[in-house]
Amino acid sequence: MQANTSDQIKGLTPAPPSPPPPAPLIIGLYGVSGSGKTFIMKKLEQELGEMRLAFFEGSEVIASVTTGGLDAFKKLDEAGKAEYRKRAILKIKSICIETSKVGIVTGHLTFWDDERCDHPMKVYTQEDLNTFTHILRRTNVSSSHLSRWQGYELTELRHLCAENNILFAGLYPNLRYKLSTVIRDIERHNLEYNLAVAKRRLDEILINHGDDLQTVVFLDADKTLAEEDTSATFWRMVQDVEGVQNPLGAFFSSPMGYSYTAFRQAMLFYEDRIAELTQLYPQISVLLQKAARQKHVCPVIVTCGLRLVWEKAIERAGFADVVKVIGGGRIEDGLVMTAEVKRSRFARAQAVHGARTWAIGDSPIDLPMMMAADEAIAVVGKEETRSKSMDAELRTAILIGGLQARQALLPYNSLRPRLDMETLPVIYLEDENILASIFRRRLYFYHATDENASKMLSTPMRDDSIRGPALQEAHKKAAHYLSTKFLIEIIGLEKFPVRHPQNKPIDGYRLLNERETLIVPLMRGGQPMASGVNEVFPTAQLLHAKLPGDVKKENLEGIVTVILVDSVINSGKSIVEFLQRIREVNDAIHVIVVAGVVQDQAVRGGSLIRAVARSMEITIVALRVSKNKYTGKGTTDTGNRLFNMTQLD
């Protein structure tokens with residue numbers, strides 16, 4: 001939009017309007033008369049203080065905005081009372097905005113003073129519903145009349161909160177010692193905090209797994225690990241015991257949908273509850289048993305359901321030391337697992353931890369994580385219990401979103417697949433080929449850092465007084481050692497006929513496909529070590545290359561193995577560029593990287609090498625690993641030291 005003429009003359013452009021202040025957190029503390037709301041609020045004031053919280057007795061605020069106070073208010077008709085109730089809640093909201101405090105307000109939903117009335121009289125206003133972000137309801141009654149009143153309010157509040165995007169929780173007498181925890185949780189918990197908690201949990205799991213981590217298998221829980229939906233089982237159990245109807249349908253079919261707020265609401269209902277445990281699918285058990293034997297693989301359950309249930313189910317199955325669970329279901333968890341939180345865990349596992357990721361799920365909530373994963377498997381259960389909307393969502397994700405996934409039919413192979421088997425191929429999780437692809441290593445790193453031979457061979461390479469031909473000779477000797485210790489074991493040997501001194505034919509041995517092996521030194525630092533490798537494998541071909549483009553298509557024709565050689569790998573950028581170039585020309589070639597020293601971080605975490613290893617297999621052989629990270633320049637540059645050019649900057 002063009003600035004107006006007067007503004008242009010003044011050289012000013014109107015500033016954009018300031019964004020409105022964020023809506024404050026305001027907690028309604030509701031309950032029927034005599035339930036102890038004021039007592040609870042006073043106790044909260046003592047326990048939590050007023051530094052970040054503002055406490056309001058609803059009737060006192062109404063009195064403060066009404067001319068003549070509470071006595072005058074009581075004489076008004078219902079329309080007049082509603083107006084002053086509206087003014088009171090707006091005053092509370094204004095104070096909370098100005099002070100940046102969380103408000104706690106005692107109030108009434110209804111009055112039912114006359115037992116002869118059929119139902120209570122509603123005294124809340126729409127402005128209350130527009131202002132409250134949370135409602136905690138105090139329950140502590142005994143008489144028949146109060147019990148009926150309480151039941152009416154409970155039903156009404158659940159409905160109103162779901163329709164108005166308000167989080168609701170009941171406060172029972174045995175919860176009084178946990179109320180401070182609930183308030184603190186409400187005060188700090190938002191989308192950003194939730195993502196931060198999920199990030200911290202994942203980092204803890206993957207860091208504790210160890211440096212060998214290469215693959216993370218993320219599994220949804222309900223109807224993926226087992227046939228049962230533990231959340232539905234929980235509510236069936238509650239209904240059997242307490243006679244209440246399943247409220248989950250009300251949460252997720254309300255305007256909340258499958259949102260952060262809806263999952264938070266479910267979490268509040270799960271507080272102090274536990275679902276009955278379920279049996280894992282046999283195919284899932286096989287997968288987890290295999291994972292238990294793979295140090296480079298970390299299985300992680302990411303569940304929107306009950307974390308505690310799945311931790312106990314995994315413990316009962318004997319996988320507690322192997323499988324970790326990220327989820328919520330209880331306030332103490334500090335986390336709710338949404339579709340976006342699931343998806344973001346994949347991005348972090350890939351970018352920060354350099355892991356190849358698999359996603360195994362069954363419902364539309366799992367699709368974002370399946371889209372983000374390197375490999376995805378849709379679990380398909382019985383038709384009467386499987387997600388009804390998944391077919392349409394899957395088709396859209398595949399045809400429009402580019403999802404490449406396969407489906408596993410559980411528990412029975414006779415189940416009807418989703419979509420068609422061309423669009424979504426069927427696999428069997430217990431198939432050895434599938435398990436091998438899940439648990440296949442992508443990065444193989446061999447080094448001799450702690451070997452006595454390595455310590456001796458690396459000494460002249462690290463001695464600053466040794467330069468030029470003497471240093472080149474040290475690099476050659478290191479390459480001899482690496483070739484005989486590692487390369488012949490990795491690549492293998494083949495027989496060929498030779499003539500014995502006693503003039504009789506015998507079997508000789510050389511590198512497997514030695515004549516079809518191409519040694520590529522990264523110029524100039526890789527030249528001496530490449531010469532050493534070539535001396536051990538004399539019939540291999542040698543190609544000097546400064547840039548990845550120096551490796552032409554014709555250079556790779558008929559080649560089975562490429563050995564890339566460099567003296568030092570710092571960030572891994574150059575090596576990755578050469579790897580990608582070779583894969584681009586011929587992805588069937590076996591590529592091995594040989595180096596004198598590899599910087600430790602180059603093969604860990606979110607390094608360039610780990611990132612490219614998610615999509616291709618990489619084998620690295622090194623004399624030693626170094627914690628020292630630097631980019632050589634002038635006298636410290638290995639290439640300059642090798643060729644007596646240390647005067648160069």
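**Exercise 1. Sort the residues that line the second largest cavity by class: how many are nonpolar, polar and charged?**

Solution. The counts to reach are two nonpolar, three polar and six charged residues. Keep in mind that this is a predicted model.

Step 1: collect the lining. It consists of Lys223, Glu227, Tyr281, Asp362, Val379, Gly381, Lys382, Thr385, Arg386, Ser387 and Arg418.

Step 2: assign classes. Tyr281 and Val379 are the nonpolar pair, while Gly381, Thr385 and Ser387 are polar. Lys223, Glu227, Asp362, Lys382, Arg386 and Arg418 are charged.

Step 3: place the cavity in context. Its volume is about 60 Å³, and the structure holds five cavities of 30 Å³ or more.

**Exercise 2. Find the strands that stand at the edges of the open sheet of six strands: which are they?**

Solution. Step 1: write down the order, which is 15-22-21-20-18-19, with parallel pairing.

Step 2: look at the ends. Strand 15 (443-447) and strand 19 (541-542) each have a single partner strand, so one side of each lacks a neighbour in the sheet.

**Exercise 3. Look at strand 21 and strand 22: how many bridges join them, and which helix lies across both?**

Solution. Step 1: follow the two parallel strands, residues 590-599 and residues 618-626; seven bridges join them. One of the residues to look for is alanine 595, whose bridge partner in strand 22 is alanine 622.

Step 2: add the helix. Helix 19 (residues 452-462) lies across strand 21 and strand 22, at about 75° to strand 22.

Step 3: add another helix. Helix 20 (residues 469-491) also packs on the sheet, where it touches strands 15, 20, 21 and 22. The direction of helix 20 makes about 140° with that of strand 22.

Definitions and conventions: Residues are numbered from 1 along each chain as its sequence is written. This is a predicted model: local features need pLDDT of at least 70, side-chain atom pairs count only at pLDDT 80 or more; totals for chains, interfaces and linings use all residues. Side-chain values use heavy atoms; hydrogens and water are left out. On a 1 Å grid over the protein atoms alone, a cavity is a set of points where a 1.4 Å probe fits but cannot get out, and a pocket is an open set with protein on both sides within 12 Å along at least five of seven lines; lining residues have an atom within 4 Å of a point. Grid points are joined across faces, edges and corners, and a volume is the space filled by probe spheres set on the points. Two strands pair if DSSP finds at least two bridges between them. Helices (H or I, at least four residues) and strands (E, at least two) are DSSP runs, numbered from the N terminus. Contact means heavy atoms within 4.5 Å. Axes are lines fitted to C-alpha atoms, for helices over the stretch in contact, and angles run from 0 to 180 degrees between N-to-C directions.
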